[in-house]
Amino acid sequence: MDHLKAINQKARRIQAHVGAPVAANDGTADAPASAAASDPDALDVVGLESRQGPHIPLGCSLVFAPGWEVDSTGGTAGLCQPVERDLFDCHLACFWPAHVPDQLNHAPDWTGKCAAAQKDWRKIDLIFP
Amino acid sequence: MKPLTIQAPAALAAVLLMAAAGQAQEAEETTGIPVTDQLVIDTCVRCHAVDDDGMMTRVSYMRKTPEGWQQSIRRMVTLNEVELEPEIARDIVRYLSDHHGIAPEELRPARFEVERRLIDWSYEASHEGDEDVDRVCSSCHSMGRVVTQRRTREEWDLLMATHRGYYPLSDTQGFRRFGPPAPDATDTRHPMDKAVAELSGKFPLTTAEWSSWSATMRPPRLAGTWALKGHDPGRGPIYGTVEITEDADAANFTTRVRYGYARTGEQVEREGRAIVYTGYQWRGRSFVGGDEDTSLREVMMVERGWNEINGRWFAGAYDEFGPDVTLLRADGPVVLGLHPVALRSGDSGTVTVHGVNLPTGLGAADLDLGPGVEVVSVTRSDSEVVAAQVTASGDAAAGARDVFLAGRPVPGQLTVYETVDRILVTPEAGMSRLGGGAFPKGYAQFEATAYSNGPDGEPETDDDLDLGFVDVEWSMEEYSAVFDDDDIGYVGTLGADGLFDPALDGPNPDRQGLRNNVGDVWTVATWRGPDGEEVRGRAHLIVTVPLYMRWEPWRVQMVPGVPRRTSDTGSER
């Protein structure tokens, strides 16, 4: 982004933001998973780039839109947060069937001990179907 | 109500169809596996009828791993009100795993599933699978669960039906079209139809692998001394021995395990028990001094020939800790490996060769480390370790050298290098889960490996030299996913040993929008050389939400806190 000049507040904010990692990466040799210090792309905000996002191992993990562990960009910034806020929706509507117990078969009383998960989240049980 | 009428040709067609279906059914049934165990019949017959040929509905038409059968039995208990004594359940799992199991060749491509590895794996690449079929299944769970099963076509159909019955919304989650077919698509079948056709073709009940394996299958004879070599992520190579004792009927085994960490010399002793299912699937558990907190589950494959057993031993709420292990039968001398695996040209240091039943009293002339590497003296030579003072000459050519000890080849090589040019942090993509409040923590262990660019001086080319595990300084950096990203202040801490300890689960009132302590960060390894040079590498870490339902056949420890790791004997934590 060196060839761009910030002309408004938002652009200056971007410039200020991406300026920070420059110092941190300076004079270092990074692993292939990371961008080299001399790579101008390394100055960008990673999550906003159009290039390929972070790689998530899919062998044993579970990833699906809008995402349980990660969002569609492969990060956590876009997850529904806090998870407790919509957890019971998942329970009622079985939205993440393999991650959250369903009320139909596996854990009909799962929400019995807490009326509002945001407050009573410590009472949520771990279910072994 | 209008009476239902069928015109004659249609009725005839219907009868013919039914007859054809009957024939198909008959042909299908003859391909089943008869259930001959009276305990299984008595326990399951209440719901699963047995015909004159010994074919039991559903059970006769599928084959699975011990974990698969255990999961089925658990489901019968939790959802179908089956009452079972644990002893009987164990016997049933053993019978079904042995007689309705899967062959070694069938399990091998998907062993990550039973070994609980978080790895890169693709159904498309591994099994030339269809992308739509992958999506139908892995929208909710790993494809590993699918490809470790074998079923008849009717059974794959029934499996889909079972999912729709138990998870009605699977129709909208996974069993659906993800967008319209491409305009030029020749195959416009529904993904579910594709899945049944593909899975019954790729993973049928009757296979050459299984007929071959079931003909030769028997309890393996494993009693004796075995040499152990392995790698414990974050802690480096381990070497030792395992004494395996068979019980009277050769069906159960007890183990005495002793191994040491090559880097630190720390010694570990464990005692365990194991069962071998299907003639090759080792499932064991071992402890340090009987302490439950030190439990490691052992999932290994006994290789044909009964001279090698390999797999993974693991612990942790998400099975995230534990070494990869290989056992080699040690009737005679076994050389296992050396440590360290790299030496800088011009440097001197200690190299240790590890093994079992090694000849003792060896001298410098017995250890051959290759051109340019001089063995100055042997400082220790017993049956398990040979330690030598060595010097790499300043003009030794960079490259890996074969190593020989008393005329025997030593697995692995000693690499002479000039500079450390790059640090690789593994796993390159890690995942940790918040916990410690209501749910157990999911830790993430990182480790650093050094590489030299090799003679061509270019990184990531074929002549790069792997210099093995190195000690580094660990730190974290923000992974900027949004403006003013501040995850690093919340997600947790990265210890000096590369172990990431996630923060507390639950909403965080100090965070905007009560966000959980989730986030993305870089884990950064900084290696410092003897001349003050620095080389850094980094990996992406996702710290995410807990799982609220667990499908593993075992219960995870619910006590929040740091689990005792593989080698912990109480002195470190």
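Modeller: pLDDT is the predictor's confidence in each residue, on a scale from 0 to 100. This model is predicted, and in chain A that confidence is lowest in helix H1 (residues 9–25), at a mean of 67. It is highest in helix H2 (residues 83–93) of chain A, at 74.

Biologist: What is the average pLDDT of chain A as a whole?

Modeller: Chain A averages 65, and 54% of its residues score at least 70. Over residues 20–44 of chain A the pLDDT is below 50, and this stretch has 42 contacts in the model beyond near neighbours in sequence. Residues 58–66 of chain A also stay under 50, with 32 contacts beyond four places in sequence.

Biologist: What makes a pair of atoms count towards those 32 contacts?

Modeller: Contact means heavy atoms within 4.5 Å, so each of the 32 contacts of residues 58–66 of chain A meets that cut-off.

Biologist: Turning to chain B, how do you know that S20(B) and strand S28 (residues 534–544) of chain B pair?

Modeller: Pairing needs at least two bridges; S20(B) and S28(B) have five, in the parallel sense, and therefore pair. One partnership is Arg433(B) with Thr544(B) in S28(B).

Biologist: Why are S20 (429–433) and S24 (473–478) of chain B called edge strands?

Modeller: Each pairs on one side only. The open sheet has four strands in the order S20-S28-S27-S24 (chain B), with mixed pairing. Its neighbouring strands are turned by 35° against each other on average, direction ignored.

Biologist: How do you know that strand S14 (residues 367–368) and strand S17 (residues 399–405) of chain B pair?

Modeller: They have two bridges and run antiparallel; the requirement is at least two, so the pair qualifies. Leu367(B) stands opposite Leu405(B) in S17(B). Leu405(B) also stands opposite Arg408(B) in S18(B). S17(B) and strand S18 (residues 408–417) of chain B pair in the antiparallel sense over seven bridges. Their hairpin has two residues between the strands, and Ala406(B) takes a positive phi near 50° there.

Biologist: How do you know whether the reach of helix H3 (residues 66–80) of chain B is close to the expected value?

Modeller: The expected span is 1.5 Å times one less than the number of residues. H3(B) has 15 residues, so 21 Å is expected, and its 20 Å from first C-alpha to last is close to that. Just after H3(B), Glu81(B) takes a positive phi of about 55°.

Biologist: Why is Trp69(B) in H3(B) called buried?

Modeller: Buried means under 20% relative accessible area, so Trp69(B), being buried, falls under that cut-off. Other buried residues of H3(B) include Pro66(B), Ile73(B) and Leu79(B).

Note on methods
Residues numbered from 1 in each chain as written. Chains lettered and ligands numbered in written order. Predicted model: local features only at pLDDT ≥ 70, side-chain atom pairs only at ≥ 80, totals over all residues. Heavy atoms only, no water. Axes fitted to C-alpha atoms, helices over the stretch in contact; angles between N-to-C directions. Buried < 20%, exposed > 50% of the residue type's maximum accessible area, 1.4 Å probe, protein only.
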